[in-house]
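Okay, everyone, let me pull this one up on the screen. I'll talk about the cysteines, then move on to one helix.

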Amino acid sequence: AVTFTNKAANEMRDRIVQLVGPSAGGINVGTFHSQCLRILRRDFHRIGWESDFSIYDGVDQLRVIKQAMSDLNVPLNTLSPRAVRNEISRAKDELAGPHEYAERAEGFLQEMTATIYHRYQQMLKDSRALDFGDMIFYAVRVLRESPEARAEYHNRFQFILVDEYQDTNRAQYYLIRELGAGHGNVCVVGDD
């Protein structure tokens, strides 16, 4: 089962244990990010990455973006690092890596972000780090690019429940689509 907050995941887990009993304690309930973290820690090597990566929060992201801008001689007074971070996050939510983003970039902000995005991703890789958007982005890649991993998760997750489905983005949708493709047992709950 996946949802958006740790609080909601804990409430779901507690309710399931109350309904089913202690045998339900091993059920896999968590946020999209925690589920993806499990996938990446276990199977990231299948697409050529090490599983001992760090996770950068928003502050870390801004620090790396500012350094990337400095490396590229982009003055901080011409472009907001927060705006760049938001653009990169939106790109990852759409499963657009630096090259895909650059191909569709329009206007000053997006064109500059495309250059910074490429440098930013290289800096993350050099530091063996991911940001929150990368967690879902790369979990989808693992499932798409590794038939072995995909088969294991299809066998492992026979039933999938998505809470607050109306809040899912493209990357989250494709994650669920990949996980549920082996059996089709996907149930989503959400508001209109």
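So, disulfides: a search of the whole structure turns up zero of them. Keep in mind that this is a predicted model. C36 isn't in any disulfide, and the nearest cysteine sulfur, that of C187, sits 19 Å away. Why no bond for C187? Its closest cysteine sulfur is the one in C36, and 19 Å is too far for a bond, given that a disulfide here needs the two sulfurs within 2.5 Å. As for their surroundings, C36 is buried, at 0% relative accessibility, while C187 is partly exposed, with a relative accessible area of 41%.

Okay, on to the helix, α3. It has 14 residues and spans 20 Å from first C-alpha to last, close to the 20 Å expected at 1.5 Å a residue. Which residues of α3 are buried? Those are Q61, L62, V64, I65, A68 and M69. Looking down the axis of α3, the buried ones fall within an arc of 165°, so they line one face of the helix. What do they pack against? That would be β3, α4, α6 and β4.

Let me zoom in on Q61. Q61 is buried, at 8% relative accessibility. Leaving out residues up to four places away in sequence, Q61 touches Y56, R85, S89, Y120 and D131.

Last, the two ends. At the start of α3, a side-chain oxygen of D57 comes to within 3.1 Å of the backbone nitrogen of V59. After α3 comes N73, with a positive phi, near 60°.

Key
Residues are numbered from 1 along each chain as its sequence is written. This is a predicted model: local features need pLDDT of at least 70, side-chain atom pairs count only at pLDDT 80 or more; totals for chains, interfaces and linings use all residues. Side-chain values use heavy atoms; hydrogens and water are left out. Buried means under 20% relative accessible area, exposed over 50%, partly exposed in between (1.4 Å probe, protein chains only). Contact means heavy atoms within 4.5 Å. Helices (H or I, at least four residues) and strands (E, at least two) are DSSP runs, numbered from the N terminus. The expected span of a helix is 1.5 Å times one less than its number of residues. The arc is that of the directions from the helix axis to the C-beta atoms. A polar contact is a pair of N or O atoms within 3.5 Å; within protein, one must be able to donate a hydrogen and the other to accept it, and residues adjacent in sequence count only if both atoms are side-chain atoms.
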